[in-house]
Amino acid sequence: MTTAQRVGQLLMGGISASQPDQAQLRILRDNHVGSVMLTGRSTAGTTATRKLVDGFRGQADQVAGRRVGLLVSTDQEGGRVQVLSGPGFSAMPSGLTQGSWPTATLRTQAAAWAGELKAAGLDLNLAPVADVVPAALGARNIPIGSFQREYGHTPDVVTSHTGAFAAGFAQSGVMTTLKHFPGLGQVIGNTDTTANVVDSVTTADSPSLTPFRAGIQAGSPFVMISSATYTKIDPNHLAAFSPTVIDHLLRGQLGFKGVVISDDLGNAVAVRSFTPTQRAVNFIAAGGDMILTVQPSTIPAMAQGIQTRMGQDASFRAKVDDSVRRILDAKHNAGRLDCG
């Protein structure tokens, strides 16, 4: 792989699920972007979505005559966070409703939902939500509770139901993502729309980390990092830019070996004070692997910034190589990479 191709593997660009923008697709292609997230809302159904996805796949890079397949993902949690609907897709209830079901029921349902995503050509769901929202906070927790995205209000319920959801997806051959490490259950503000979102409660030993710990032990392939600040873990960095959160806590203490993906670093207000270059370089330097941006216009600066830093810093270059290997492993496991 060329340097530009390796850097492209670190990026996941957002593309509208209903009306893909050709200029945005060109940015992805020109920057060798290795993963795509379907964004917005589409009611077109599985057949039309599959046609769309197959079109994206045709533009994936080739290395030594072999195509390095795209990973295609979306946000298919249920309730108010379900990107894909229409013929062939079930209407998924909210996380809070799913959390009230027996785990065996949820696992069976999740396997069916995953089958729908697979039929539409997708590899990865940016779910389940492993955040524990205390009952006392409830809907005042803007990012999760106000949308009823949580499975419940205790670590036990969230652990058992995120586990059932992930197991159902694995059964149908679609990967899942535990999010938003180390948890958005204790905050008020939404990092997508608010700067300086702070969690002053969660520690490295909090019970609210149990769903993440259990999911990692069960083999979760992806973990998404929050863009809030956790004052009792690392008061000086957003979690997405924190070696303490990613390298020490997630990789070291929790033993996560899979792909660390960012929350959106393209449009989110939480990262507006950083240039696109700083967002990308800070995330990789902290130990992250895959940069999610729902705003493809940020990709050229992100890719260039990473390449520049690779030329200056051997330890950063080594981090990039480690990240590319983890991402290619995930692609191999999804059947998107033929290693000959």
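**Helix packing, buried loop residues and unusual backbone geometry**

Ser227 sits in the loop between strand S11 (222–225) and strand S12 (229–230). The model is a predicted one, and in it Ser227 is buried, with a relative accessible area of 3%. Leaving aside residues up to four places away in sequence, Ser227 touches Thr191, Leu238, Ala240, Asp263, Leu265, Ala270 and Val271.

Another loop residue, Val187, turns up in the stretch between S9 and S10. Val187 counts as buried because its relative accessibility is 0%, with the cut-off for buried set at under 20%. Once residues up to four places away in sequence are set aside, the residues touched by Val187 are Leu137, Asn141, Pro143, Val197, Val198 and Asp199. Arg140 is 47 residues from Val187 along the chain, yet the C-alpha atoms of the two are separated by 8.7 Å.

Next comes helix H6, which runs over residues 155–171. At 1.5 Å a residue, its 17 residues should span 24 Å, and the end C-alpha atoms are indeed 24 Å apart, so expectation and model agree. As for burial, the H6 residues that count as buried are Val158, Thr159, His161, Thr162, Ala164, Phe165, Gly168 and Phe169. In helices generally, there are 3.6 residues a turn, so residues three or four places apart point the same way. The cover over the buried residues of H6 includes three strands, namely S6 (76–78), S8 (124–125) and S9 (175–181). Helices H4 (95–98), H5 (103–119) and H7 (210–217) are also among the elements that cover them. Just past the end of H6, Gly173 takes a positive phi of about 80°.

The pairing of H6 with H7 deserves its own description. Two packed helices are described by the angle between their axes and the distance between the axes. For H6 and H7, the axes come within 8 Å and cross at roughly 25°. That angle falls under 35 degrees, which means that H6 is roughly parallel to H7. The crossing of this pair is right-handed. On the H6 side, the contact is made by Pro155, Val158, Thr159 and Thr162, while H7 brings in Thr210, Pro211 and Ala214. Sorted by type, the residues of the contact between H6 and H7 are four nonpolar, three polar and no charged. Val158, Thr159 and Thr162 also appear among the buried residues of H6.

Further along, helix H9 (residues 276–285) meets helix H10 (residues 299–312), with axes that come within 8 Å and cross at roughly 50°. The angle makes H9 oblique to H10. Here too, the crossing of H9 and H10 is right-handed. From H9, the residues involved are Pro276, Thr277, Arg279, Ala280, Val281 and Ile284; they meet Ala301, Met302, Gly305, Ile306 and Arg309 in H10. The contact of H9 with H10 breaks down into seven nonpolar residues, two polar and two charged.

H9 has a second helix partner in H11 (residues 314–333), and the axes of H9 and H11 come within 9 Å and cross at roughly 80°. An angle between 65 and 115 degrees counts as roughly perpendicular, so that is how H9 and H11 stand to each other. In this contact Val281, Ile284 and Ala285 of H9 meet Phe316, Lys319 and Val320 of H11. The residues of the H9 and H11 contact come out as five nonpolar, no polar and one charged. Val281 and Ile284 of H9 take part in the contact with H10 and also in the one with H11.

The backbone has a few oddities as well. A cis peptide bond joins Lys179 and His180, with omega at about 5°, and His180 belongs to strand S9. Another cis peptide bond, with omega at about 0°, joins Phe181 and Pro182. Pro182 is placed in the loop between S9 and strand S10 (198–199).

Two residues that are not glycines take positive phi values. His32 has a phi of about 60° and is located in the loop between helix H2 (22–30) and strand S2 (35–39). With a relative accessible area of 24%, His32 is partly exposed. Gln148, in the loop between S8 and H6, has a phi of about 55°. Gln148 is likewise partly exposed, at a relative accessible area of 39%.

Definitions and conventions: Residues numbered from 1 in each chain as written. Predicted model: local features only at pLDDT ≥ 70, side-chain atom pairs only at ≥ 80, totals over all residues. Heavy atoms only, no water. Helix = DSSP H or I, 4+ residues; strand = E, 2+ residues; numbered from the N terminus. Expected span 1.5 Å × (residues − 1). Buried < 20%, exposed > 50% of the residue type's maximum accessible area, 1.4 Å probe, protein only. Contact = heavy atoms within 4.5 Å. Axes fitted to C-alpha atoms, helices over the stretch in contact; angles between N-to-C directions. Parallel < 35°, antiparallel > 145°, perpendicular 65-115°, else oblique. Left-handed = near helix turned anticlockwise from the far one by under 90°. Nonpolar A, V, L, I, M, F, W, Y, C, P; charged D, E, K, R; others polar.
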